[in-house]
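Notebook open, model loaded. I want to go through the helix packing and then a few single residues.

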Amino acid sequence: MTLYQTETKERVRREGAKRAVVMATDGRWDDAADVNRAIIKDFPDDVEAFNRLGKALIELGLYKEAAAAFGRAKEISPYNPIAKKNLERL
């Protein structure tokens, strides 16, 4: 992958993260979950995307799926306080 492709892919990730946050802020939880799933598809180790996905899934009442998202975040980053706190809550 060229430097340009890497920079472009990273920019797309950042823009997706911003969109997901705006959607969540607007209460558009289904859309926020979809955007975070798309980010995870391209960046399977993106801890923040898994945490955002977990929050969206909680808001949608999908607790089992939320626990899986937070669990994956914790696998990637074992001391991640957001994943840890949300797993304890669930």
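How close do the axes of helix H4 and helix H5 come, and at what angle do they cross? I'm working from a predicted model here, so I keep that in mind throughout.

**Entry 1: H4 and H5**

I looked up the pair and got axes that come within 8 Å and cross at roughly 145°. H4 covers residues 63-76 and H5 covers residues 81-89. I checked the hand as well: H4 passes H5 in a left-handed crossing. Next I pulled the contacting residues. From H4 I have Ala 67, Phe 70, Gly 71, Ala 73 and Lys 74, and they meet Ala 83, Lys 84, Asn 86 and Leu 87 of H5. Sorted by class, that contact holds five nonpolar, two polar and two charged residues.

**Entry 2: Asn 86**

I picked Asn 86 out of that list, as it lies in helix H5. Is Asn 86 buried or exposed? Its relative accessible area is 10%, so I log Asn 86 as buried. Setting aside neighbours within four places in sequence, I find Asn 86 in contact with Ile 58 and Phe 70. Phe 70 is also one of the H4 residues in the contact with H5.

**Entry 3: H2 and H3**

I moved on to helix H2 (residues 29-42) and helix H3 (residues 47-59). Their axes come within 9 Å and cross at roughly 155°. Therefore I note H2 as roughly antiparallel to H3. This crossing is left-handed. The H2 side of the contact is Trp 29, Ala 32, Ala 33, Asn 36, Arg 37, Ile 39 and Ile 40. Facing them in H3 I list Ala 49, Phe 50, Arg 52, Leu 53, Lys 55, Ala 56, Leu 57 and Glu 59. The class split for this contact is ten nonpolar, one polar and four charged.

**Entry 4: Ala 32**

I took Ala 32 from the H2 side. Its relative accessible area is 1%, so it goes down as buried. Which residues does Ala 32 touch, leaving aside neighbours within four places in sequence? I got Ala 20, Met 23, Ala 24 and Ala 56. Ala 56 belongs to the H3 side of the contact with H2. I also checked a C-alpha separation: Ala 32 and Arg 19 are 13 residues apart along the chain, and their C-alpha atoms are separated by 7.7 Å.

**Entry 5: Phe 50**

From the H3 side I chose Phe 50. It counts as buried because its relative accessibility is 10%, under the 20% cut-off. Beyond neighbours within four places in sequence, Phe 50 is in contact with Ile 40, Pro 44, Ala 69, Arg 72, Ala 73 and Ile 76. Of these, I had already listed Ile 40 in the H2 contact with H3, and Ala 73 in the H4 contact with H5. For a C-alpha pair I took Phe 50 and Thr 25, which are 25 residues apart along the chain and separated by 17 Å.

**Entry 6: the whole chain**

I finished by zooming out. I count five helices and zero strands, and along the sequence the pattern reads α-α-α-α-α. The C-alpha trace spans about 40 × 30 × 15 Å along its principal axes. Does 13 Å for the radius of gyration agree or disagree with a compact globule? It agrees, because a compact globule of 90 residues would have a value near 12 Å. Buried residues make up 33% of the 90 residues. Last look-up: among contacts with a separation of 6 or more, 39% come from residues 24 or more positions apart.

Technical notes. Residues are numbered from 1 along each chain as its sequence is written. This is a predicted model: local features need pLDDT of at least 70, side-chain atom pairs count only at pLDDT 80 or more; totals for chains, interfaces and linings use all residues. Side-chain values use heavy atoms; hydrogens and water are left out. Axes are lines fitted to C-alpha atoms, for helices over the stretch in contact, and angles run from 0 to 180 degrees between N-to-C directions. Helices (H or I, at least four residues) and strands (E, at least two) are DSSP runs, numbered from the N terminus. A crossing is left-handed if the near helix is turned anticlockwise from the far one by less than a right angle, and right-handed if clockwise. Contact means heavy atoms within 4.5 Å. Ala, Val, Leu, Ile, Met, Phe, Trp, Tyr, Cys and Pro count as nonpolar, Asp, Glu, Lys and Arg as charged, and the others, Gly among them, as polar. Angles under 35 degrees count as roughly parallel, over 145 as roughly antiparallel, 65 to 115 as roughly perpendicular and the rest as oblique. The radius of gyration is taken over C-alpha atoms; the globule rule is 2.2 Å times the number of residues to the power 0.38. Buried means under 20% relative accessible area, exposed over 50%, partly exposed in between (1.4 Å probe, protein chains only).
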